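Me: Please take a close look at one part of this protein for me: the charged side chains. Which of them pair up, and how much of each is covered?

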Amino acid sequence: MAVLGAGCSSDSSEPEGGSSSGAASPSGSASSSETSDAPPDKGSVDVLRTVATGLKSPWGLAPLPDGNLLVASRDEGEIVQVDGESGKTSEAGPVPGVDAEGEGGLLGLALSPGYASDQLVYAYFTTESDNRVASMRYDPKKPPGERLSAPSTVFKGIPKGFTHNGGRIAFGPDKMLYVGTGESGDEGLAQDKESFGGKILRMTPDGEPAEGNPDADSVVWSYGHRNVQGLAWDEDRRLWASEFGQDTWDELNHIVKDGNYGWPDVEGEGDGEGDFRDPAEQWRTADASPSGIAVAEGSVWMAGLRGERLWRIPLSGGKPSAEPQAFLEGEYGRLRTVVSAGGDKLWVVTNETDGRGSPEKGDDRILEVRVR
């Protein structure tokens with residue numbers, strides 16, 4: 001069972017991860033959550049349907065405005081289109097240059113904030129030399145396998161390793177691109193602000209340092225991370241991130257500008273020594289090994305790989321308001337990605353075919369769930 005960490009400050013003067021107004025500045029104003037009601041201590045999850053089956057090593061998922069879904073296949077190095085109604089799959093196209101060794105490959109996906117006009121899909125992937133982010137134009141009217149343009153590199157030089165490649169990307173409410181990275185197995189990189197490893201990066205859609213970053217010439221937003229796997233914002237534009245621990249504690253963190261999250265000096269809640277931020281919540285690694293997260297109905301919903309469950313963490317005033325609650329435990333195997341489907345619904349992606357699971361007939365799959 002999860003153990004409550006010290007929690008994160010709800011001081012409204014702290015810089016946050018984005019702006020609900022879409023302004024360039026990442027600094028927030030007073031949070032409405034200080035007076036808002038917390039969600040119920042206990043929630044619920046109802047699986048409404050299995051949207052798609054037979055997916056190969058799915059990782060990132062990006063919902064399209066037309067109701068269809070794009071899914072990244074880590075090991076195949078291709079993006080698949082899933083019909084949101086029928087679940088029928090077709091190949092959008094390959095992503096050239098993907099090296100799927102170890103935990104690397106084709107990982108996170110995100111749509112451009114201007115997707116309605118530019119049709120750009122962003123992808124995080126591993127190459128022979130690094131991890132990087134590229135954008136591709138997506139044209140659903142073209143034949144299967146030919147719907148993606150050639151990748152245009154947005155940002156490169158993120159350290160790669162056999163493990164700890166990070167990979168989650170998301171555009172924040174400020175329309176800036178946030179990138180979760182891993183320290184690639186080299187622990188020292190997490191505390192090195194000159195390295196892009198073990199960080200959350202914040203950049204413009206063109207890959208330049210975003211206005212308001214801690215260092216005007218750097219894309220580094222926060223540091224001291226081991227392997228960031230999930231990024232999501234709550235309704236008061238606070239940024240949350242899930243992170244793999246090593247042997248003891250997995251973490252859910254409230255991310256603030258220039259925050260140091262402790263790795264490798266601290267795993268989980270610290271002892272008060274050093275200028276480190278404690279996790280908002282922590283779990284034993286057997287219960288979580290967290291990946292993607294989403295925010296819905298006032299709670300963070302976190303996928304568990306080794307834990308094979310969906311965690312609910314209710315929020316109030318920038319910190320958990322009740323004990324975390326587990327759902328779907330062992331029912332669908334490893335869970336990789338959680339994405340908001342609007343309102344009280346989520347897309348949940350299983351991950352049994354990545355070489356670490358025990359795939360059964362129909363794996364891997366996308367579920368549509370209703371949450372409270």
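Reply: What follows goes through the salt bridges and then turns to a patch of charge on the surface. The model is a predicted one, and the count of salt bridges in it comes to 16.

Start with R49 and E368. These two residues form a salt bridge in which the closest N and O atoms are 2.5 Å apart. The bridge links distant parts of the chain, since R49 belongs to strand β2 (residues 45-52) and E368 to strand β26 (residues 366-371), 319 residues apart. The two partners differ in how they are covered. R49 has a relative accessible area of 27%, so it counts as partly exposed. E368 has a relative accessible area of 9%, and because buried means under 20%, E368 is buried. The pair also belongs to a wider arrangement: R49, K345 and E368 are linked in a network of salt bridges.

Strand β26 also holds R370. The partner of R370 is D344, and the closest N and O atoms of this salt bridge are 3.5 Å apart. This pair, too, links distant parts of the chain: D344 sits in the loop between β24 (335-340) and β25 (345-350), 26 residues apart from R370. Here both values fall in the partly exposed range. R370 is partly exposed because its relative accessible area is 34%, and D344 is partly exposed because its relative accessible area is 26%.

A further salt bridge joins the side chains of R238 and D236, at 3.5 Å from N to O. Both of these residues are covered by the protein. R238 is at 6% relative accessibility, so it counts as buried. D236 is at 14%, which is under the 20% limit, and therefore it counts as buried as well.

Now the surface patch. D192, E194, D215 and D217 gather there in a patch of negative charge. The patch is negative because Asp and Glu count as negative, and its members have no salt bridge, because that is a condition for belonging to a patch. One of the members, D215, can be placed more exactly: D215 lies in the loop between β13 (199-203) and β14 (220-223). At 41% relative accessibility, D215 counts as partly exposed, because exposed means over 50%. That value still allows D215 into the patch, because the patch rule asks for over 30%.

To put the two parts side by side: R49 and E368 are paired in a salt bridge, whereas D215 is gathered with D192, E194 and D217 in the negative patch.

Terms used
Residues numbered from 1 in each chain as written. Predicted model: local features only at pLDDT ≥ 70, side-chain atom pairs only at ≥ 80, totals over all residues. Heavy atoms only, no water. Patch = residues over 30% accessible without salt bridge, like charges linked within 9 Å, V, L, I, M, F, W, Y side chains within 5 Å. Areas by Shrake-Rupley, 256 points an atom, 1.4 Å probe, with all protein chains shown as cover. Salt bridge = Lys/Arg side-chain N within 4 Å of Asp/Glu carboxyl O. Charge placed at Lys NZ, Arg CZ, Asp CG, Glu CD. Helix = DSSP H or I, 4+ residues; strand = E, 2+ residues; numbered from the N terminus. Buried < 20%, exposed > 50% of the residue type's maximum accessible area, 1.4 Å probe, protein only.
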